[in-house]
Amino acid sequence: MLPVIHIPNYASEVIRELERMGFSAYVVGGCVRDSLLGQKPADWDVCTDATPEDMLHIFRKWRVFKTGLKHGTITVRSRGHNVEVTTFRTDGTYSDNRHPDAVHFVSHIRDDLSRRDFTINAMAYNDFKGLVDAFGGQQDLEKHTLRCVGEPDVRFREDALRILRALRFAARFKFSIETETAYSVRRNRLLLENISAERIYKELQGILTAPGAGDMLTAFPEVFAAILPELAELIGSLDTDGIDRWTFTACAVQATPADFFPFRLAMLLHQLTPQTVSSALARLKSDNATARFVTTLLKHLSASLPTSRPEMRRLIGFTSREMVEHIINAHGIIDRLHHCSPSAVRSASMLLAEVLNSPPAYQARHLALGGNDLMEHGLAQGRHIGQILDQLLREVQNETLANTRESLLKRAIELSQSHFMS
Ligand code: ATP
Ligand code: MG
């Protein structure tokens, strides 16, 4: 049965406009692949034999952004959506393993498809011509296979980012990577040195948050070590229990919810020392929020979980309620993989629920009285006010002092007169 692809109106109007002026135009790439997989495409890209000048003329009355004009791409605003329209092109030589030195505009769709990375990404479609599939993309989709268009070594040498794109698409669709393409991914991995940290980080994010992340980690350890040499020490090494450390890492990543990148990144790095984690995050040029999440989670993953309500309250105070939930989950994942008894995790979850069900006492701001109240009652301003508040908080957290104004004030006066202040 011939595939029918439902092009949304905003994209088909762009195609019709080009056709009306005598050009051919197709939707192409990811939107065709996703439609054939029965998934909703994120965006619809169009390719055409119209040159960039032709396009600027044809769409002169439309809102147009000249996003990538020198590569033949403009963005056309159609019914509130952006549609990228690109002139059929082939790429010239690649001297830096990433960017073509020049692009050549061509008039045949097949030539344009031949520059694309993988067969499943190299299909085009329009309602007249139907599917244009010059490299067996549809068959590879059916076989759940990711395969380079053309000679894999040549394609990865042209643009080494494709190595990570291969892992990302295979992880996203849970496809296997065709044998020659897979060998070539491994053979050419060191070319990733020529790719910027920002691009690598983005692709790593895509791989780790995909459903098949664990499979890619298991199958291509040396590729991950090429982008993060800090991970190399895990490969082929056994921990004290005789468990393969890399396999354990892959399982830990896979056991984490897929949609939360910082957690998966933390699991990828969890067997490294804090200094090594910091250098890995710096190498990746990770954003600050992610780096903070990873270091906090790993710091508390290497410690034991709280075993009392006071400890639990202090942990929430140091981090946050959400972070404590992540810390407990992370412990749960690691314990399960080690086949440890889940009792510590279970009791920490119970403690957390109990603490959350009682009035909050995590930070000084939760006390029923503040520094100003203490000064109003004659305590001199200064560092010791903070020390008294810390002590009050500790006692409230320990449940040895009631969190009421009267009892806090009484205790504060006692503390200020005692050795505590000396
Ligand atoms: P996604 O849903 O992740 O955006 P996509 O297939 O749309 O998937 P894009 O990166 O948006 O991926 O690229 C659009 C199309 O351009 C791809 O489907 C592919 O045909 C082509 N393409 C993109 N990057 C490359 C590359 N580095 N090498 C060769 N072809 C590429
Ligand atoms: Mg896309």
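A polar contact is a pair of N or O atoms within 3.5 Å. With that cut-off in hand, the tour proceeds through this predicted model, beginning at the ligand.

**Polar contacts of the ligand.** Select ligand 1 together with Asn121: an oxygen atom of the ligand lies 2.9 Å from a polar backbone atom of this residue. Add Asp159 next, where an N or O atom of the side chain is found 2.8 Å from a nitrogen atom of ligand 1. Then display the backbone of Gly30, one of whose N or O atoms is 3.4 Å from an oxygen atom of ligand 1. Ligand 1 on its own exposes 580 Å², of which the protein buries 74%.

**The pocket and its shell.** Switch on a surface representation: ligand 1 occupies the largest pocket. Two elements, α2 (30–36) and α7 (161–173), each give two or more residues to the shell around ligand 1. Colour α7 separately, since the largest share of that shell, five residues, comes from this helix. Now select the complete shell of 14 residues; the closest to ligand 1 are Arg33, Asn121, Asp159, Arg162 and Arg165. Colouring the shell by class shows 10 charged residues, three polar residues and one nonpolar residue.

**The whole chain.** Finally, zoom out and colour by domain. Domain 1 spans 9–143, domain 2 spans 193–302 and domain 3 spans 364–421. To end the tour, place a centre on domain 2 and another on domain 3, each taken over C-alpha atoms: 44 Å separate the two.

Note on methods. Residues are numbered from 1 along each chain as its sequence is written. Chains are lettered from A and ligands numbered from 1 in the order in which they are written. This is a predicted model: local features need pLDDT of at least 70, side-chain atom pairs count only at pLDDT 80 or more; totals for chains, interfaces and linings use all residues. Side-chain values use heavy atoms; hydrogens and water are left out. A residue is near a molecule or strand if one of its heavy atoms lies within 4 Å of it. A polar contact is a pair of N or O atoms within 3.5 Å; within protein, one must be able to donate a hydrogen and the other to accept it, and residues adjacent in sequence count only if both atoms are side-chain atoms. Accessible areas come from the Shrake-Rupley method with a 1.4 Å probe; for residues, only the protein chains shown count as cover. On a 1 Å grid over the protein atoms alone, a cavity is a set of points where a 1.4 Å probe fits but cannot get out, and a pocket is an open set with protein on both sides within 12 Å along at least five of seven lines; lining residues have an atom within 4 Å of a point. A molecule sits in a cavity or pocket if more than half of its atoms lie within 2 Å of its grid points. Helices (H or I, at least four residues) and strands (E, at least two) are DSSP runs, numbered from the N terminus. Ala, Val, Leu, Ile, Met, Phe, Trp, Tyr, Cys and Pro count as nonpolar, Asp, Glu, Lys and Arg as charged, and the others, Gly among them, as polar. Domain bounds come from an automatic or database domain assignment.
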